[in-house]
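Please examine the model displayed below with attention to its ligand. The paragraphs after it consider the surroundings of that ligand step by step.

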Amino acid sequence: MQDLSHFIDGALTPGSSGRFADVFNPATGEVQARVPLASKDELDDAVARAAAAQPAWGATNPQRRARVLMEFVRLLHRDMDKLAEALSREHGKTIPDAKGDVQRGLEVAEFCIGAPHLLKGEYTDSAGPGIDMYSMRQPLGVVAGITPFNFPAMIPMWKFAPAIACGNAFILKPSERDPSVPLMLAALMKEAGLPDGILQVVNGDKEAVDAILDNPTIAAVGFVGSTPIAEYIYSRGCANGKRVQCFGGAKNHMIVMPDADMDQAADALVGAGYGAAGERCMAISVAVPVGEETADRLIEKLIPRIEKLKVGPYTAGDDVDYGPLVTGAAKERVLSLVNSGIEQGADLVVDGRDFSLQGYEDGFFVGPHLFDRVTRDMDIYKQEIFGPVLSTVRTQSYEEALAHAMDHEYGNGTAIFTRDGDTARDFANRINIGMVGVNVPIPVPLAYHTFGGWKKSGFGDLNQHGPDAFRFYTRTKTVTSRWPSGLKEGGEFHFKQMD
Ligand code: NAD
């Protein structure tokens, strides 16, 4: 069995804590590697080394920093197949989906090549007689990112690419479920020319996370994962005086109006509900048809499409729509929520509980499930399931459907399917959710916009990637200067009026 490591000062570094976690191949259920779990001392040591390396990197001009990312993008294209294979082997998602994971991170690295422009700051010439004023964006120093299992390439890159482009050193604590790709990304950054110590990958669990939150050198923490952990990290990080942004769980509703193209809506729901086995924070997990007739037509279109879904290992290539869940525990949790839905009175119209795949009986596969007549008091409605389970909540009016999405505690993504521009516009304006799709089921913003949910899906003021990332990873310093004549006036004891 392979022993994985950390990546410290530009080199793979074995763990010294003596603690490890198993890394599974979710398709077979076998343990394929062990990942070291860092102690507080290991984490603090990585931070101290990053702090020593950061001043020189922060003083490197932004164009040179951007060139490292330019080369990194080229290397990602070169190694795309290798990265996708390693990702699928630990996560379970299909190869095209794994390539999408890398691609969506790569696009943020591309955006960060614009760092020289994004960091230019502001300048006012002659703010007063002989007085100029300028604001500059300076790096924070050492910053950290704590990332989830479901996008092991994309989300680390969403964090470290802008942070490093801004001149910071970055401590990445990836998910312990699929740590190989983050290690490969760090090696590619080194190959692209990043100085040692600027990107440290420290593997670990709660101990490493708590060490990040308590380390006084770390100025900012970005987190993506489940909401209870997001809340914990946000409050402990803020209490320790850090800048913190945390992105949590989701329960994304898709409203289907009576005038929607029902084939288009059904196709969208199947892709958005079951793609990546539902392990996406932007997955649609609740379909909300408006009107009984709409609901009947939608269910009729969904059933044959869901029954045709092909579930299997990534090695089966194009023959697979989605793969296994990430762990046996995740599988058990999803199946227990399905059983709770039945017990609480929902109609299970597609039942995937008996799904089994010859030769992969120990894999963490879960067949697709579709519930109809789900009500808002049921656990399958209230909780994020994070599996291939779609719930249908029937509503009688647009206002009722809108209220359902608005009343839910999560506010990551949502969508409306309609042919009516007025309804779509009203929905986009009134909904209290961060990312909205109009006839688009998974409205993940591109790299140059920002990504972030509302309510219990996001904590902190700024979003991920886009211009917000450059605000999050820098602080503003404003200089007021007067040359030279104004210096001759003698002391002043009141604020100078700029007139
Ligand atoms: P998770 O919360 O279990 O883990 C996320 C990170 O937190 C990991 O690095 C993990 O090691 C660490 N962690 C776990 N338990 C901890 C604890 N008790 N104390 C300190 N740190 C801890 O999440 P996950 O299962 O890896 O990812 C799935 C979740 O992430 C889902 O809820 C999904 O919706 C969410 N997610 C959200 C977004 C978004 O942008 N809003 C994107 C992707 C995933």
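What follows describes the ligand site of this predicted model.

The site may be located first at the level of the whole fold. The ligand occupies the space of the largest pocket. Helix H8 (206-214) and strand E11 (218-224) are the elements that contribute two or more residues to the shell around the ligand. At the level of domains, this shell takes at least three residues from domain 1 (2-248 + 457-479) and at least three from domain 2 (252-438).

The composition of the shell comes next. There are 26 residues around the ligand, and those that come nearest are Thr147, Lys173, Glu176, Ser226 and Glu384. Sorted by class, the shell comprises 13 nonpolar, 9 polar and 4 charged residues.

Individual contacts complete the description. A polar side-chain atom of Ser226 is found 2.6 Å from an oxygen atom of the ligand. For Lys173, an N or O atom in the side chain lies 2.7 Å from a ligand oxygen atom. Phe149 takes part through its backbone, where a polar atom is 3.0 Å from an oxygen atom of the ligand. On its own the ligand has 840 Å² of accessible area, of which the protein covers 87%.

Definitions and conventions:
Residues numbered from 1 in each chain as written. Predicted model: local features only at pLDDT ≥ 70, side-chain atom pairs only at ≥ 80, totals over all residues. Heavy atoms only, no water. Near = heavy atom within 4 Å. Polar contact = N/O pair within 3.5 Å; in protein donor to acceptor, adjacent residues only side chain to side chain. Areas by Shrake-Rupley, 256 points an atom, 1.4 Å probe, with all protein chains shown as cover. 1 Å grid on protein atoms, 1.4 Å probe; cavity = no way out; pocket = protein on both sides within 12 Å on 5 of 7 lines; lining within 4 Å. Sits in = over half its atoms within 2 Å of the grid points. Helix = DSSP H or I, 4+ residues; strand = E, 2+ residues; numbered from the N terminus. Nonpolar A, V, L, I, M, F, W, Y, C, P; charged D, E, K, R; others polar. Domains from an automatic or database assignment.
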